[in-house]
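Let's take a walk through this structure together. Keep the picture open and follow along as we go from one part to the next.

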Amino acid sequence: MKPILFIALKELQDGLRNRWLLAISLLFVMLAAGIAWFGAAAAGQVGFSSIASTIASLASLATFIIPLIALLLAYDAIVGEDEGGTLLLLLTYPLGKRQLLLGKFVGQGLILALATLIGFGGAALAISLLVPDIDKLQLFVAFGRFIASAILLGWVFIAMAYVLSSRAREKSSAAGMALGIWFLFVLVFDLALLALLVLSKGQLNPDWLPWLLLLNPADIFRQLNLNGLDAAAQLNGVMSLGQDLAGASSTLWAALLGWMVLCLVLAQRSFMRRPI
């Protein structure tokens, strides 16, 4: 346990020194505050509209931003240490590959979690103080679910970045693969699923289509935050499929957690096979 905590502390210190925590926190609080007060500006309305519309807009935006930040944070975790010559040095200590990987995950995961909590939590606090007659319980429950699922989504893509970093031979290759993963899960997957949804009208059995959402952690995250809100208008396209999932909320949480564990296992196997 001590080696894992040592590596985690090192990663956290590096994140603080490189201003990752500060930069991500400021980005999140500005995005959340901007969407809360100016999200309806296109409709000629300025000011806070509702909790449901704010969370729905934040979830849609976070689907793009959080995976990208997580991949940028962690894509060089292994290959960067190898290119810099520090990976071999680290492994000369009483430290196994598994401990090194878990230590990096704890440290970088903590950076992302703190930034998410500070950024979006600060926005929730500002809304509760500045918006009169708001239901504070509903606000904090909605933002609590959003923050928890956003942290878990970030952890999934950090673990995914470790898989790429363990397999890549150069940082440039890892960066290219990370960008490809981002495009696949954030942009391409929904387009492919939408095509299937269109074809399913009279040609395919649509009963199994909702379960395809579980193949994309970004869609799981978005569906988690739309469930339970008065945001029926937001449930269009592929997101409308999630309403047909059995035990939707618990299924989605379990699926997102399963993605994180699966990616960590794959990263560990790739790292163990990586020649040093």
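Over residues 105-131, the chain is 96% helix and 0% strand, and the C-alpha atoms at the two ends of that stretch sit 38 Å apart. Keep in mind that you're looking at a predicted model. Now slide back to residues 51-75: here too the chain is 96% helix with 0% strand, and the end C-alpha atoms are 34 Å apart. Both stretches appear in the UniProt record, in an unreviewed entry, under the annotation "transmembrane region". That annotation also covers residues 20-39, 137-164, 176-199 and 245-267.

What does the chain look like when read along the sequence? It follows the pattern α-α-α-α-α-α-α-α-α-α. In other words, there are 10 helices and zero strands. The chain has 276 residues, and 49% of them count as buried. As for who touches whom, take the contacts with a separation of 6 or more: residues 24 or more positions apart account for 82% of those. On the outside, the accessible surface comes to about 13100 Å², and 68% of that belongs to carbon and sulfur atoms.

Let's start near the beginning of the chain, with Ile7. This residue lies in helix H1, which runs over residues 2-17. Is Ile7 buried or exposed? Its relative accessibility is 1%, and under 20% is the cut-off for buried, so Ile7 counts as buried. Look for Leu100 next: Ile7 and Leu100 are 93 residues apart in sequence, yet their C-alpha atoms are 6.6 Å apart in space. Leaving out residues up to four places away in sequence, Ile7 touches Leu90, Leu95, Leu100, Gly103 and Lys104.

Helix H1 also turns up when we go looking for empty space. Rolling a probe the size of a water molecule over the atoms shows where such space is left. The largest pocket holds about 290 Å³. Which residues lie nearest its centre? Of the 14 residues in the lining, those are Glu11, Asp14, Asn18, Asp76 and Gln108. Helices H1, H3 and H6 (97-130) each supply at least two lining residues, and H1 gives the most, with four. By class, the pocket lining has five nonpolar, three polar and six charged residues.

Then there's space that is closed off. How many cavities of 30 Å³ or more are there? The count comes to one, and the volume of this largest cavity is about 50 Å³. Its lining is made up of Phe28, Leu31, Leu58, Leu61, Ala62, Ile65, Ile66 and Phe120. The elements that give two or more residues to that lining are helix H2 (20-38) and helix H3 (51-74). H3 gives the most here, with five residues. The cavity lining divides into eight nonpolar residues, no polar ones and no charged ones, while the pocket lining includes six charged residues.

Now hop over to Asp133, in the loop between H6 and helix H7 (136-167). Asp133 is not a glycine, but it has a positive phi of about 60 degrees. Its relative accessibility is 83%, and anything over 50% is exposed, so Asp133 counts as exposed.

Our last stop is helix H9, residues 217-226, where you'll find Leu224. Ile220 is in helix H9 too. Why does Leu224 count as buried? Because its relative accessibility is 2%, and the buried class takes in values under 20%. Ile220 counts as buried as well, at 1% relative accessibility.

Who are their partners? Setting aside neighbours within four places in sequence, Leu224 is in contact with Arg145, Ser149, Ser249, Leu252, Trp253 and Leu256. With the neighbours set aside in that way, Ile220 is in contact with Leu213, Leu214, Leu252, Ala255, Leu256 and Trp259. You'll spot Leu252 and Leu256 among the contacts of both residues. The C-alpha atoms of Leu224 and Arg145 are 8.2 Å apart, with their positions 79 residues apart along the chain. For Ile220 and Leu153, 67 residues apart along the chain, the C-alpha separation is 8.8 Å.

Methods: Residues are numbered from 1 along each chain as its sequence is written. This is a predicted model: local features need pLDDT of at least 70, side-chain atom pairs count only at pLDDT 80 or more; totals for chains, interfaces and linings use all residues. Side-chain values use heavy atoms; hydrogens and water are left out. UniProt positions are given in the numbering used here, feature names are shortened, and annotations may be inferred rather than shown by experiment. Buried means under 20% relative accessible area, exposed over 50%, partly exposed in between (1.4 Å probe, protein chains only). Contact means heavy atoms within 4.5 Å. Accessible areas come from the Shrake-Rupley method with a 1.4 Å probe; for residues, only the protein chains shown count as cover. On a 1 Å grid over the protein atoms alone, a cavity is a set of points where a 1.4 Å probe fits but cannot get out, and a pocket is an open set with protein on both sides within 12 Å along at least five of seven lines; lining residues have an atom within 4 Å of a point. Grid points are joined across faces, edges and corners, and a volume is the space filled by probe spheres set on the points. Ala, Val, Leu, Ile, Met, Phe, Trp, Tyr, Cys and Pro count as nonpolar, Asp, Glu, Lys and Arg as charged, and the others, Gly among them, as polar.
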